[in-house]
Amino acid sequence: MRSLDPNTILEYHYDLKKEKSARDICQESIRVALNLRRLGLEKGDVVVLFTGYTYMTSALTFGALLIGAVVNFFEVQLEQEGLIDVMATIEPSIIFYEESFRHKIESYLDQKKRNSLKYTFLVDGAEADRFREEVLKASSESIYPNFRPMSTINPQEDVAFIVLTSGSTGTPKAIQLSHAAVLNGMYIWWANTDNYEQLNSESVLFSLSPLRWISQLELLLQSAILGVKRICANRAATGSYGLSILKETQPTHIFSVPSFFYEVLLELADDDRNSLQSLKFIQLGGEYPSKTISEKAKLHALNARLYYSYGMSEVSGSITNDEHISGGKLQPGYQVQVLNDNLEPLGCNEYGRLAVGTPYKFLGYKGLENTEYFLPNGMFLNGDYGYFDRDNILHLLARYADLIRIGGIVLIPNVVESLVMSVPDIQIARLVGSAKSDEGTDQAVCLFLTLQTRSMTSSQHILESVKRVLRSKLQPYEFNVIHHVEIIEKFPLTTCGKIDRIALAQWVRRRYLPIDDEVRCKSDF
């Protein structure tokens, strides 16, 4: 950051209407680093930000890194039991938190699994004076040019960040990312086979996702290292709030989970071609966007191209970026193997589990026995399911755990969902299975649908259209295992904006448990 023009604007904080220059962030970060040292924090200590994106997020992050500490952006929406378990895994030495999350932090402090914790600081509100006095205390101007950060002896092994998984399959796991891994993710984040719209001095970055998403980390690093302006919002930028940010700040490159971006698109009038005119690169990740989202994005953002990013926090970014499919050509330095259930290699056009080899070693999950996630060759079983075609293009089909298996039949949810979303009135489709009993392996299967906002077609006609498409495209034995179709108002979401398949599976499970009819027919949606 010291190599940048000190007057370069790196951040615009939308909620505060305030800018930050390279000089501001550099000096604040050094100030934080000096004060953390004075408080006794050491290399390897974990610094937790239990916040949204605040005015001091970048300074707290870089200040911690400058002394060799490890940074975690925590999932603030976790239920209390999950919060305590994840904190016990992360082992924070210091927690910075906002007033709005005081009750969660105080509940955490009331229990005993916090041997590592040395300090907590409230960063806003009436009691933030202690934070300003002890963490932001000013140093003399002469200190800044002479400050020397902690050396990183082994950037491929030293942990820089602990990033939480999405929690879409249970309690979030704590991913350990090295300095080398996060820098690699930063440099290839927007990379694509078309070499389209790489970053330059005129680029403006914005992630619509919550702070703890890997996108926020990588864009923070891009801004500080490459000197690119970034927009900061204190919460997930959905709906009218997200649209206001896009209209007022005019970003060129955005990242979003599809559901968040769709809520923004719904705020636009059908003939609005101006609100998103600044956009050049729209990257959607976390799950594949529906045809509806893609079409609405192309309708309203005429100057942009939309890419689906297939990646995960464990690899610190994207494995592929493609305009047309979930998958694509692998990013530089990545390897992917397709394996059968016995973890034996498969050939092209054969479906199987995916194992990923990263440019820099994935350090595993903190606090877990990691052997089950790694092959003897060091490749990482990432929980996905797909195949390579004859052109060596990766096609992602599903999460391996989401496959529906009944009596030797394997049904791939994403394949069925894509077929169903070809029906004009369908907005989103999700196929979910759940075991009918604790003892049995057979599953009850339900296809959940939401309809287009302005659909005037009767539900009965839509259901007939869906069944007609499935009958024509699936084998009879595949069609016959889809027991039910449910039209719902909206899908449940995880805290990071993904469709919550666990909640859907629980609904299916309750429907088939031997309980009274009143409970059996109850829906959460």
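In what order do the five strands of the open antiparallel sheet lie? The order is 15-19-18-17-16. The structure described here is a predicted model.

## The five-stranded sheet

The five strands form an open sheet with antiparallel pairing. Its edges are strand 15, residues 327-328, and strand 16, residues 335-339, each of which pairs on one side only.

Strand 16 runs antiparallel to strand 17, residues 352-357, and five bridges join the two. Leu339 has Arg353 of strand 17 as its bridge partner.

## The three-stranded sheet and helix 12

A further open sheet has three strands in the order 22-23-24, and its pairing is mixed. Strand 22 (426-435) and strand 24 (484-487) are the edge strands, each pairing on one side only. From one strand to the next, the twist averages 25°.

Strand 22 pairs with strand 23, residues 443-451, in the antiparallel sense, and nine bridges are found between them. Val432 is placed opposite Cys446 of strand 23. Helix 12, residues 413-420, lies across strand 22 and strand 23. The helix runs at about 150° to strand 22.

## Helix 11 and its cover

Strand 22 also takes part in covering helix 11. The buried residues of this helix, which spans residues 291-300, are Thr292, Ile293, Ser294, Lys296, Ala297 and His300.

What covers these residues includes helix 10 (258-265) and three strands: strand 12 (281-285), strand 13 (305-312) and strand 22.

## Strand 1 and its two partners

Strand 1, residues 9-13, is mostly covered, with four of its five residues buried. Strand 1 runs antiparallel to strand 2, residues 18-21, and is joined to it by four bridges. Strand 1 and strand 2 make a hairpin with four residues between them. In the turn, Lys17 has a positive phi of about 60°.

Strand 1 also pairs with strand 10, residues 229-232, here in the parallel sense and over three bridges. His13 appears in both pairings: its bridge partner in strand 2 is Lys18, and in strand 10 it stands opposite Cys232. Strands of a sheet pair through backbone hydrogen bonds, in either the parallel or the antiparallel sense.

Conventions: Residues are numbered from 1 along each chain as its sequence is written. This is a predicted model: local features need pLDDT of at least 70, side-chain atom pairs count only at pLDDT 80 or more; totals for chains, interfaces and linings use all residues. Side-chain values use heavy atoms; hydrogens and water are left out. Two strands pair if DSSP finds at least two bridges between them. Axes are lines fitted to C-alpha atoms, for helices over the stretch in contact, and angles run from 0 to 180 degrees between N-to-C directions. Contact means heavy atoms within 4.5 Å. Buried means under 20% relative accessible area, exposed over 50%, partly exposed in between (1.4 Å probe, protein chains only).
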